[in-house]
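Trainee: I'm new to this one and would like a close look at a single part. Could you walk me through the largest pocket and what sits around it?

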Amino acid sequence: MNVSLMLRVFFAVCVLNLSVAAVAAEFSIALSWNCAGCHGPAGHSVGPTVPSIGGMDERYFFSVMRNFKLDERDSTIMGRLAKGYRLAEIREMAKYFAGSGWGNAGVTVSDELFASGQAVHDEHCAECHEDGG
């Protein structure tokens with residue numbers, strides 16, 4: 001293969017990669033619509049059984065979804081859904097949800113249940129997740 005042909009192939013691949021990245025960024029909101037069925041509009045859950053993903057840290061969202069995709073995190077449905085996305089698309093969804101702001105599901109919790117959860121947090125989570133988070 002001559003050098004001229006190799007350079008043309010290289011530049012064509014570069015342009016194609018840039019186009020794919022632009023398309024992924026352009027459709028990040030549309031990608032999130034699949035999530036809305038369970039996680040609510042803009043990732044703000046409307047009930048106690050499904051977590052809110054709106055306002056979630058971008059790196060954490062990407063890590064969780066990547067782990068679902070690679071079967072490194074147990075799930076009932078999320079693993080199957082995550083496999084349908086490319087990593088570039090997951091990255092774009094992570095940016096979208098991180099920028100959508102946190103939305104509480106509006107669930108009321110008894111003082112007793114809150115205290116129980118606080119004890120679990122203090123014992124297992126507080127070392128890394130300090131200051132209430």
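Mentor: Here is a walk through the pocket, followed by a few charged pairs and a patch on the surface. Keep in mind that this is a predicted model. The largest pocket holds about 1,000 Å³ of space. Its lining is made of 25 residues, and the ones nearest the centre are Val50, Pro51, Ser52, Ile53 and Met56. Three helices each put at least two residues into that lining: H2 (28-39), H3 (58-69) and H4 (78-82). Of these, H3 gives the most, with 5 residues. As for character, the lining splits into 19 nonpolar residues, 5 polar ones and 1 charged one.

Now for the charged pairs. Side chains of opposite charge can pair when their charged atoms come close. The whole structure has 5 salt bridges. One of them joins aspartate 57 to arginine 59, with 3.5 Å between the closest N and O atoms. Aspartate 57 is partly exposed at 37% relative accessible area, while arginine 59 reaches 66% and so counts as exposed. Another links arginine 66 and glutamate 72, again at 3.5 Å from N to O. Here arginine 66 is partly exposed at 31%, and glutamate 72 is exposed at 52%. Then there is glutamate 89 with arginine 86, at 3.4 Å. Glutamate 89 has just 15% relative accessibility, so it is buried, the cut-off being under 20%. Its partner arginine 86 is partly exposed at 40%.

Last, look at the surface patch: Val109, Leu113 and Phe114 are nonpolar and together offer about 320 Å² of accessible area. Leucine 113 belongs to helix H6 (residues 111-124) and is exposed at 54%.

Note on methods:
Residues numbered from 1 in each chain as written. Predicted model: local features only at pLDDT ≥ 70, side-chain atom pairs only at ≥ 80, totals over all residues. Heavy atoms only, no water. Patch = residues over 30% accessible without salt bridge, like charges linked within 9 Å, V, L, I, M, F, W, Y side chains within 5 Å. Areas by Shrake-Rupley, 256 points an atom, 1.4 Å probe, with all protein chains shown as cover. Salt bridge = Lys/Arg side-chain N within 4 Å of Asp/Glu carboxyl O. Helix = DSSP H or I, 4+ residues; strand = E, 2+ residues; numbered from the N terminus. Buried < 20%, exposed > 50% of the residue type's maximum accessible area, 1.4 Å probe, protein only. 1 Å grid on protein atoms, 1.4 Å probe; cavity = no way out; pocket = protein on both sides within 12 Å on 5 of 7 lines; lining within 4 Å. Points joined across faces, edges and corners; volume = space filled by probe spheres on them. Nonpolar A, V, L, I, M, F, W, Y, C, P; charged D, E, K, R; others polar.
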